[in-house]
Amino acid sequence: MANVATNKVGRAYGETNDAQKNVFDLGAFVGDLTVEEDASSDDMSLEGLQQELEECKNDDVVANILSKGTKLREYTKGVENNLRQVELDSIQDYIKESDNLVSLHDQIHECDSILSQMETLLSGFQSEIGSISSDIKILQEKSMDMGLKLKNRKVAESKLAKFVEDIIVPPRMVDIIVDGEVNDEYMRTLEILSKKLKFVDVDPMVKASKALKDVQPELEKLRQKAVSKLFDFIVQKLYALRKPKTNIQILQQNVLLKYKYVVSFLKEHGNEVYTEVRGAYMDTMNKVLSAHFRAYILALEKLQLDIATSSDLIGVETRSSGLFLRGREPLKNRSAVFALGERIKILKEIDEPALIPHIAEASSSKYPYEVLFRSLHKLLMDTATSEYNFCDDFFAEESIFYEIFAGPFAVIDEHFNSILPNCYDAIGLMLMIGIIRQHQLIMSRRRIPCLDLYLDKVNISLWPRFKMVFDMHLNSLRNANVRTLWEDDVHPHYVMRRYAEFTASLIRLNVEYGDGQLELNLERLRMAVDDLLMKLAKMFPKTKLQIVFLINNYDMTISVLKEAAPEGGKIQMHFEELLKSNTTLFVEELLLEHFSDIIKFVKTRASEDPSSSSEKAITVAEVEPLVKDFASRWKAAIEVMHKDVITSFSSLLCGMEILRAALTQLLLYYTRLSDCIKRIVGGSALNKDLVSISSIMYEIRKYSRTF
């Protein structure tokens with residue numbers, strides 16, 4: 001109904017607003033309004049009118065009215081009439097719809113009644129739900145209480161079940177422990193028995209239980225029976241180690257380690273018996289390994305090849321070493337006293353299997369002691385590694401190894417202490433030091449520390465012996481009898497060859513380790529041999545022979561040292577300097593022997609000015625004999641020099657280098673002579689007798705080609 005009234009009001013407004021709307025200035029229009037006076041105008045106040053007009057400026061209806069110029073009062077009356085008509089029409093519309101409104105009122109009343117009943121019903125439901133909620137809460141509390149009780153009972157049941165399981169002694173277990181054989185099943189049963197014994201001993205609550213009083217005697221009987229049976233079993237296995245030709249390592253790995261829990265059980269539950277087993281094993285292995293090493297050492301001693309004796313020293317005269325003492329020794333072994341040779345191969349074969357004595361003996365092979373030394377220590381390393389790992393795995397005690405190997409160490413020490421004082425082989429001692437270093441690295445890579453102390457002890461004992469033998473060589477040079485050593489031969493002396501080979505051998509062995517102390521000792525040895533060599537050289541009556549002797553020995557020494565260290569060392573550089581200086585001396589001696597007049601003239605007069613007016617001015621008559629003499633025999637002299645060099649020097653390479661140096665120096669002397677002649681007044685008259693420089697160069701190249 002309200003919508004109907006509203007529509008009618010809208011139509012009333014529409015009737016008074018038929019004309020087209022225009023946009024205008026409200027302020028300007030209001031200024032022209034003429035308002036008729038009204039009797040009641042005196043009571044009206046125009047305050048605020050301007051503000052209201054501003055507010056209505058944008059109202060379409062007001063703007064339309066004002067645009068037509070209609071008087072306000074008339075327009076107001078028209079609006080009131082329209083409103084009254086609309087009101088009457090609305091009343092009529094309400095009267096027409098009165099029946100519908102009464103029906104609507106009745107329906108609303110019925111709905112209120114129904115909703116009231118629903119409210120009563122829902123209130124009842126709410127009270128019942130509240131009661132159910134309290135009941136559910138009570139049930140929930142009871143359920144939680146029952147759940148807690150159930151949980152506690154399960155925990156108690158599990159603990160009780162575990163207690164019963166841990167403390168009870170099943171008949172099957174008793175049968176296996178008492179009557180069963182020691183096998184895998186027996187081992188598993190031992191583990192169960194061990195858990196039960198630990199259970200009753202460790203848990204204080206178990207000790208207070210009444211069940212323990214019934215079970216403990218039975219467990220103790222089973223323990224005693226198991227310990228007794230295991231002792232007999234393991235001792236029987238240990239005695240198998242004593243049988244001859246038994247492969248100990250295979251027996252340990254394939255038999256004993258299968259029963260290592262036996263030892264663990266005895267260690268925990270039968271300590272006295274475990275101590276007996278431990279002692280029996282240590283005693284057995286000590287004796288077995290000691291016997292094995294003793295037999296191996298005896299077999300190796302039959303294969304030993306003696307290299308050097310106390311008289312095999314660098315400075316000892318060959319004839320004094322005794323032919324009868326060396327009668328049975330092959331000559332080829334004498335070179336091994338000072339030269340390393342093929343012996344260095346032992347360091348490259350460091351991890352090869354140990355020698356098998358009976359095979360080597362069958363082939364009648366003999367070996368230097370360092371080969372036997374390596375084989376003995378290779379066997380020691382492999383045996384010690386196996387035994388150390390077995391002791392750690394089987395007994396879980398590393399200390400057992402050292403008690404077992406006290407015997408083998410003593411056997412090896414006894415052998416070594418008998419060999420070392422009689423060892424005069426410095427090269428062999430140095431090789432043994434290298435072998436020990438390599439063995440230490442091998443044990444380090446294996447991460448087996450059991451031989452560290454032993455190998456250090458051997459290394460410490462080898463160095464003093466080496467130093468003693470080295471000092472014997474050094475003193476043999478210092479105290480050498482020059483008269484007995486001297487031989488009327490300019491070729492390399494055997495003492496110098498010994499020194500060169502000995503030094504080269506030690507340098508080669510020291511390359512990898514760079515031992516500073518050894519380098520100092522080699523320097524001392526070098527000084528001693530220098531002194532001896534100079535004494536031997538002075539035994540020659542002629543200076544030229546002395547120089548040739550020194551050059552031959554220096555050249556031989558350098559050649560030998562280069563084989564050991566091609567890059568050169570301090571000792572090699574020292575001898576190269578000596579060779580260079582003595583070569584210069586020999587060249588001068590050789591030239592003086594054949595061209596002394598020319599050399600004397602060039603050194604004394606060639607630098608003077610021939611054109612000077614002094615009384616001693618160089619003249620043609622003075623140099624003419626020199627030129628003619630040289631021209632007549634220079635080729636023959638060079639040939640003699642060539643033969644002299646070839647016969648004097650052991651090394652063709654060294655001899656030809658010296659000959660080339662001599663010819664070059666001769667060319668320089670002759671060139672200076674030629675230059676001097678050119679400056680002499682009338683010297684051109686000698687040109688026909690001068691030998692051309694190109695001719696001399698040709699001869700030099702000819703001898704170079706023969707080289």
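Is C391 buried or exposed? C391 is buried, and its relative accessible area is 0%. That is a good place to enter this structure, which is a predicted model.

**Cysteines**

A disulfide is a covalent bond between the sulfur atoms of two cysteines. The count of disulfides in this structure is 0. C391 is accordingly in no disulfide, and its nearest cysteine sulfur belongs to C450, 9.4 Å away. A pair of sulfur atoms would have to lie within 2.5 Å to be called a disulfide, so the 9.4 Å between the sulfurs of C391 and C450 does not qualify. Another cysteine to look at is C654, which is buried as well, with a relative accessible area of 8%. Buried here means under 20% relative accessible area, so both the 0% of C391 and the 8% of C654 fall in that class.

**Helix pairs**

Let us turn to how some of the helices pack. Two packed helices are described by the angle between their axes and the distance between the axes. Here are three pairs to compare with the model in front of you.

| Helix pair | Angle between axes | Axis distance | Handedness of crossing |
|---|---|---|---|
| α25 and α26 | roughly 150° | within 9 Å | left-handed |
| α13 and α17 | about 165° | 11 Å | right-handed |
| α21 and α24 | about 15° | 8 Å | left-handed |

Take α25 and α26 to begin with. Helix α25 covers residues 543-564 and helix α26 covers residues 570-604, and their axes cross at roughly 150°. Angles over 145 degrees count as roughly antiparallel, and therefore α25 and α26 are roughly antiparallel to each other. The contact of α25 with α26 comprises 14 nonpolar, 5 polar and 6 charged residues.

Next come α13 and α17, whose axes are 11 Å apart and make an angle of about 165°. That angle makes α13 roughly antiparallel to α17. The crossing of α13 and α17 is right-handed.

The pair of α21 and α24 has an angle of about 15°, so α21 is roughly parallel to α24. Helix α21 is formed by residues 452-478, while helix α24 takes in residues 516-537. Their crossing is left-handed.

**Residues within the helices**

Several individual residues help to fill in the picture. In helix α13, which runs over residues 271-301, you will find R278. Which residue does the side chain of R278 meet in a polar contact of 3.4 Å? The partner is E403, again through its side chain. R278 is buried, with a relative accessible area of 16%. This arginine falls under the 20% cut-off, so it is placed in the buried class.

On helix α17, the packing partner of α13, sits T383. T383 is buried too, at 13% relative accessibility. The C-alpha atom of T383 is separated by 9.7 Å from that of I248, although their positions lie 135 residues apart along the chain.

Helix α21 holds L462, a buried residue with a relative accessible area of 0%. From L462 to I436 the C-alpha distance is 9.7 Å, with a sequence separation of 26 residues.

Helix α8, made up of residues 184-202, contains L197. This leucine is buried, at 6% relative accessible area. Between L197 and L222 there are 9.9 Å from C-alpha to C-alpha, and the two are 25 residues apart along the chain.

**Two loop residues with positive phi**

Where does K245 lie? K245 is in the loop between α10 (210-239) and α11 (248-254). Its phi is positive, about 60°, even though K245 is not a glycine. K245 has a relative accessibility of 89% and so counts as exposed.

S364 also belongs to a loop, this one between α16 (357-362) and α17 (369-394). S364 has a positive phi of about 60°, and it is not a glycine either. With a relative accessible area of 62%, S364 is exposed. Exposed means over 50% relative accessible area, so the 89% of K245 and the 62% of S364 both meet the cut-off.

Technical notes. Residues are numbered from 1 along each chain as its sequence is written. This is a predicted model: local features need pLDDT of at least 70, side-chain atom pairs count only at pLDDT 80 or more; totals for chains, interfaces and linings use all residues. Side-chain values use heavy atoms; hydrogens and water are left out. Axes are lines fitted to C-alpha atoms, for helices over the stretch in contact, and angles run from 0 to 180 degrees between N-to-C directions. Helices (H or I, at least four residues) and strands (E, at least two) are DSSP runs, numbered from the N terminus. Angles under 35 degrees count as roughly parallel, over 145 as roughly antiparallel, 65 to 115 as roughly perpendicular and the rest as oblique. A crossing is left-handed if the near helix is turned anticlockwise from the far one by less than a right angle, and right-handed if clockwise. Ala, Val, Leu, Ile, Met, Phe, Trp, Tyr, Cys and Pro count as nonpolar, Asp, Glu, Lys and Arg as charged, and the others, Gly among them, as polar. Buried means under 20% relative accessible area, exposed over 50%, partly exposed in between (1.4 Å probe, protein chains only). A polar contact is a pair of N or O atoms within 3.5 Å; within protein, one must be able to donate a hydrogen and the other to accept it, and residues adjacent in sequence count only if both atoms are side-chain atoms.
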